[in-house]
Amino acid sequence: MMVHNWSELTRVFGRIGLMSFGGPAAQIALMHDALVRREKWLTEDQYLRALSLCMLLPGPEAMQLATYAGWRLRGITGGLLAGALFVIPGAMIILGLALAYVRFGDVPLVQAAFLGIKAAVIIVVLQALMRLGQKALHGSAAWALAGLAFVALFVFGIPFPIVVVMAGLYGAATASPMPDAPVAAPVQARILGPVAGLAALWAAPLALLWLTGRDFLLEIGLFFSKLAVVTFGGAYAVLAYMTQDVVQEHGWITTGQMIDALGLAETTPGPLILVTEFVALLAGYAQGGLGLALAAGALTLWVTFVPCFLWIFAAGPYLDHIAARPRLSAALSAITAAVVGVILNLSIWFALHVLFGDVGAVPHLALPMPDLATLNLWAVLLTAAAAYLMLRLRVDLLVTLALMAAAGCALALAGAV
């Protein structure tokens, strides 16, 4: 179905962008309600097949799903509009939060509020783990892939992209031999120009930075460009990999700032991968003040999200063809199973750094080893409260985050933290 009213398209996707809190599961449900149930712009089958494609691609699946819907409705321009409206509201809020953070982040009351938010984020990540596990872990092979992925990351620190690639290769190699369903050959000539143009736009800032010798910004751009290619499974899955590089290898921010970044990203609409913008803003501010922070943040948004449009415009015309290929479908299922193990690794890593003041590692391994004497009992209490609110009472995420931030502030004012 073709939508001819641009104002209507802007209204619907603008509302989706402003209301897309709660991570990809909530965002996918929101878009289903808007695009399938209310507007009837996509059929149920079209929506589910598009979602499967977006899960196979690197990058935030919800943002790419919005881009695909816009592309299907109004072509390249519609895809650009829908994807941009999904990202811009959250990006602007993240900018404001980051600037406030570098100015007020060390204030004890603000840190106490973050403690409450982090406690809630532990439960948010666990919820994501449970939801994905229910959908992905069917059969002993899927459970084994999840377990192996977890051990590879949690114990041995094997880089996330290697885990994803190996799972995908396993899935493709063990796919059941099934005849390919007949599908119409996709029309590709008309999409080559826009795809090539987007690829050139993606690379253009990096080439300019290289030519002008802006080493720090070039390093930021190259790192987050690489991240845009390997972010299978969304921001939760790639967070541990990103943290390993930005904290340990580059030293751009601290582990505490990384945890705060995720907590702030949880409070904003849009894809959770906007956490990359926050990280770049902090890194740029530390290196050269406000001007460099703004440049690093803008560059990171560019190299993170331009590829998302590129993947959709390149793969969208082939959706029916891809969906009919058993090996690609099996590779996707294997990657999804492995991502469960990746998110379990993230869940434990995140919880340990919130609940303990000092977390080391076993020599020669990545296995974390918390100092039991540094256990924060107030953090444990706040986490239990967040679990009760979200899992037992089913309180809305935004309400829970506000309540937990308020609880953290109350503890600070009482002198408890």
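Is Thr-276 buried or exposed? Thr-276 is buried, with a relative accessible area of 2%. The views below start from this residue, and they all come from a predicted model.

**View 1. Thr-276 and its neighbours.** Thr-276 sits in helix α12, which covers residues 275-288. Leaving aside residues up to four places away in sequence, Thr-276 touches Phe-224, Leu-227, Met-242, Thr-300 and Thr-304. Two residues to look for here are Phe-224 and Leu-227, which are among the buried residues of α9.

**View 2. Helix α9 along its length.** Helix α9 runs over residues 215-230 and has 16 residues. From its first C-alpha to its last it reaches 23 Å, close to the 22 Å expected at 1.5 Å a residue. The buried residues of α9 are Phe-216, Leu-217, Leu-218, Ile-220, Gly-221, Phe-223, Phe-224, Ser-225, Leu-227, Ala-228 and Val-230. Lys-226, by contrast, is partly exposed, with a relative accessible area of 39%.

**View 3. A salt bridge between α9 and α10.** Here Lys-226 pairs with Asp-245 in a salt bridge, and their closest N and O atoms are 3.8 Å apart. Lys-226 belongs to helix α9 and Asp-245 to helix α10 (residues 234-249), so the pair ties together parts that are 19 residues apart in sequence. The two partners are worth viewing with their surfaces on: Asp-245 is buried at a relative accessible area of 5%, whereas Lys-226 is partly exposed at 39%.

**View 4. The salt-bridge network around Arg-11.** The count for the model comes to 5 salt bridges. A network of them links Arg-11, Asp-33, Arg-37, Arg-38 and Glu-39. Within it, the side chains of Arg-11 and Glu-39 meet at 3.7 Å, N to O. Arg-11 lies in helix α1 (residues 6-19) and Glu-39 in the loop between α2 (23-38) and α3 (44-56), so this pair ties together parts that are 28 residues apart in sequence. Arg-11 is partly exposed, with a relative accessible area of 48%, while Glu-39 counts as buried at 18%.

**View 5. A salt bridge inside helix α2.** Stay with the network and turn to Asp-33 and Arg-37, whose side chains meet in a salt bridge at 2.5 Å, N to O. Both residues lie in helix α2, 4 residues apart, which is about one turn of the helix. Asp-33 counts as partly exposed, at 25% relative accessibility.

**View 6. Cys-54 and Cys-308, two cysteines without a bond.** How many disulfides does the count come to? The count is 0. Cys-54 is in no disulfide, and the nearest cysteine sulfur, that of Cys-308, is 9.7 Å away. Seen from the other side, the sulfur of Cys-308 has Cys-54 as its closest cysteine sulfur partner, and 9.7 Å is too far for a bond. Cys-54 counts as buried at 1% relative accessibility, and Cys-308 also counts as buried at 1%.

**View 7. A nonpolar patch at the surface.** Which residues make the nonpolar surface patch of about 710 Å²? Val-151, Phe-156, Ile-158, Ile-162, Val-165, Met-166, Leu-169 and Leu-365 make it. Helix α7 (residues 160-173) gives the most to this patch, with 4 residues. A good residue to pick out is Leu-169, which has its place in helix α7. Leu-169 is exposed, with a relative accessible area of 52%.

How values were computed
Residues are numbered from 1 along each chain as its sequence is written. This is a predicted model: local features need pLDDT of at least 70, side-chain atom pairs count only at pLDDT 80 or more; totals for chains, interfaces and linings use all residues. Side-chain values use heavy atoms; hydrogens and water are left out. Patches are made of residues with over 30% relative accessible area and no salt bridge: like charges are joined within 9 Å, nonpolar side chains (Val, Leu, Ile, Met, Phe, Trp, Tyr) within 5 Å. Accessible areas come from the Shrake-Rupley method with a 1.4 Å probe; for residues, only the protein chains shown count as cover. A salt bridge is a side-chain nitrogen of Lys or Arg within 4 Å of a carboxyl oxygen of Asp or Glu. Buried means under 20% relative accessible area, exposed over 50%, partly exposed in between (1.4 Å probe, protein chains only). The expected span of a helix is 1.5 Å times one less than its number of residues. Contact means heavy atoms within 4.5 Å. A disulfide is a pair of cysteine sulfur atoms within 2.5 Å.
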